[in-house]
Amino acid sequence: MASRASVVLACALALVALSGCRTVAALKQRCVAGELTACESACAKGVPGEGGCFHAGNQHRELAALDFAGTDFRRASEFFARSCDGGYADGCLMSGEMIGAPYTPDPLADTQKNISDAEVKNREKRFDSACSRGSMGACKRLGDVLIGKSSERAKKAYERACGESSVPDQCRSARGSEVDQAETWRTGCTHRLADDCTRLGDLLYQVDPPRAVRLFASECDLRGVAALAGGVAHFVHDRIEAARLATTTSLPVESPSASAPAHSFDVVSPAVDGPLAITEVLRAFTVHGSELARCIDLGGAKTPPELGLELVVDLTGDTFRARVSPDAVPADVARCLSARIEAFQFGAPTSPAIATLTLRVHANAR
């Protein structure tokens with residue numbers, strides 16, 4: 001009798017288990033077909049990945065669009081976190097992406113939100129978990145959030161990600177060079193080399209914009225030009241725009257055998273507002289005269305006979321900004337002159353200084 005009861009009980013439990021399996025399988029199928037409630041139910045029954053928590057997160061993310069403060073965005077973040085905690089690699093990847101999403105720079109906004117230290121660490125942890133579980137996309141993102149911060153860990157993450165490349169050796173070499181360059185700029189930036197902060201910020205903007213925004217604010221403080229830039233928020237706004245459009249300016253190459261420039265110039269009416277000696281400014285234009293003259297050559301006959309210049313020298317002695325006027329100056333001439341002059345380095349003033357002057361252009365006889 002007892003034996004028969006045991007058999008009946010075992011059969012009943014088996015039927016319940018089978019029914020439960022069928023229920024979960026049905027929920028997963030309905031979830032994949034687009035039924036959000038089925039995804040949420042499957043997640044509640046312990047399905048972390050496809051057809052469960054991960055799909056629930058994706059559907060809420062799509063509903064949220066860019067409404068980072070809305071309920072759907074919060075729910076998406078929760079479901080991706082549950083997917084990650086359940087061991088699903090892509091759930092960890094998306095959980096990390098959701099942490100950083102509200103801090104993506106908006107070039108049209110007057111102010112930008114700054115990602116916190118805690119969020120930076122949590123995002124890094126999520127990407128690390130996803131990478132260790134085999135998501136090569138997450139390994140790439142882990143490298144992105146570590147470059148310019150922890151070079152050895154960034155290299156290891158990129159090396160794993162390059163394993164899926166069609167040319168893994170070239171991929172690893174290129175990523176390794178980028179990490180080394182970023183580390184050089186990071187070191188320079190921490191030693192108050194403002195241009196290295198700018199270069200690192202431009203690189204970060206391409207791979208990890210939330211960290212770039214934080215660096216832009218620090219760069220403003222280092223340079224001490226908040227008042228001249230219209231405030232920290234305005235400085236960050238301008239840096240976002242510059243980083244977004246950053247390209248390598250094609251500069252004329254100087255060589256010992258190069259022919260003399262087709263133009264020369266005189267410096268007229270130099271003036272300085274701030275603790276910077278006019279003699280330092282004049283000396284810089286004398287030392288770099290041939291380089292600047294070759295920039296003027298780019299415009300040929302279209303170059304106006306007089307060019308106005310405004311230089312802003314920051315607290316580090318770096319030329320933070322160089323503006324060329326009038327509007328009639330050919331764009332390639334203006335870009336070249338600005339790039340050359342912004343490479344000028346002076347003795348660090350006690351406060352930011354503004355130098356203005358005019359270049360009177362002459363066409364040299366050939």
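How do the residues of the lining of the second largest pocket divide into nonpolar, polar and charged? I began my notes with this point, working throughout on a predicted model, and I found seven nonpolar, three polar and seven charged residues in that lining.

**Entry on the pocket.** I looked up the space in the second largest pocket and noted about 380 Å³. Of the 17 residues that line this pocket, I wrote down Gly148, Arg186, Leu200, Leu215 and Ser218 as the closest to its centre. I then asked which elements build the lining, and I found that helix 6, helix 9, helix 10 and helix 11 each supply at least two residues, with the largest share, six residues, coming from helix 11.

**Entry on the cores.** I turned next to the nonpolar cores, and recorded that the largest of them has 35 residues, with Leu142, Ile147, Leu204 and Phe216 having the most contacts inside it. At least two residues of this core come from each of helix 5 (89-100), helix 6 (117-132), helix 7 (136-146), helix 8 (151-161), helix 9 (168-190), helix 10 (194-207), helix 11 (209-223) and helix 13. I followed Ile147 further and, leaving aside its neighbours within four places in sequence, listed its contacts as Ala154, Tyr158, Glu178, Val179, Ala182, Leu203, Leu204, Val207 and Arg211. Apart from the largest core lies another, of 27 residues, and I noted Val281, Val333, Ala334 and Phe346 among them.

**Entry on helix 15.** I checked which residues of helix 15 (residues 289-297) are buried, and the list reads Gly289, Leu292, Ala293, Arg294, Cys295 and Ile296. I also looked up what covers these buried residues, and the cover includes strand 1 (263-273), helix 14 (278-287), strand 2 (306-313), helix 16 (331-341) and strand 4 (353-363).

**Entry on aromatic pairs.** A search of the whole structure gave me six aromatic pairs. I examined Phe235 and Phe320, whose ring centres are 5.5 Å apart and whose planes stand at 20°, so I entered the pair as stacked, the limit for that being under 30 degrees. This pair links distant parts of the chain, since Phe235 belongs to helix 13 (residues 232-244) and Phe320 to strand 3, 85 residues apart. Phe235 is buried, with a relative accessible area of 2%, and Phe320 also counts as buried, at 17% relative accessibility. Elsewhere in my list of rings, Phe54, Phe80 and Tyr88 are linked by ring pairs into a cluster.

**Entry on strand 3 and the loop after it.** I placed Arg321 in strand 3 (residues 319-325). Is Arg321 buried or exposed? At 16% relative accessibility, and with the limit for buried set at under 20%, I recorded Arg321 as buried. Its contacts, leaving aside its neighbours within four places in sequence, are Leu228, Glu310, Leu311, Val312 and Glu342. I then looked at Pro326, in the loop between strand 3 and helix 16, and noted that the peptide bond from Ser325 to Pro326 is cis, with omega near 5°.

**Entry on backbone angles.** I listed Ala65, where phi is near 55°, as a residue other than glycine with a positive value. Ala65 lies in the loop between helix 3 (53-64) and helix 4 (71-85), and at 51% relative accessibility it counts as exposed. I listed Ser269 as well, a residue other than glycine with phi near 50°, a positive value. Ser269 has its place in strand 1, and I recorded it as exposed, at 56% relative accessibility.

Key. Residues numbered from 1 in each chain as written. Predicted model: local features only at pLDDT ≥ 70, side-chain atom pairs only at ≥ 80, totals over all residues. Heavy atoms only, no water. Helix = DSSP H or I, 4+ residues; strand = E, 2+ residues; numbered from the N terminus. Buried < 20%, exposed > 50% of the residue type's maximum accessible area, 1.4 Å probe, protein only. Contact = heavy atoms within 4.5 Å. Phe/Tyr/Trp six-rings, centres within 6.5 Å; stacked < 30°, edge-to-face > 60°. Core = buried A, V, L, I, M, F, W, Y, C linked by side-chain atoms within 4.5 Å. 1 Å grid on protein atoms, 1.4 Å probe; cavity = no way out; pocket = protein on both sides within 12 Å on 5 of 7 lines; lining within 4 Å. Points joined across faces, edges and corners; volume = space filled by probe spheres on them. Nonpolar A, V, L, I, M, F, W, Y, C, P; charged D, E, K, R; others polar.
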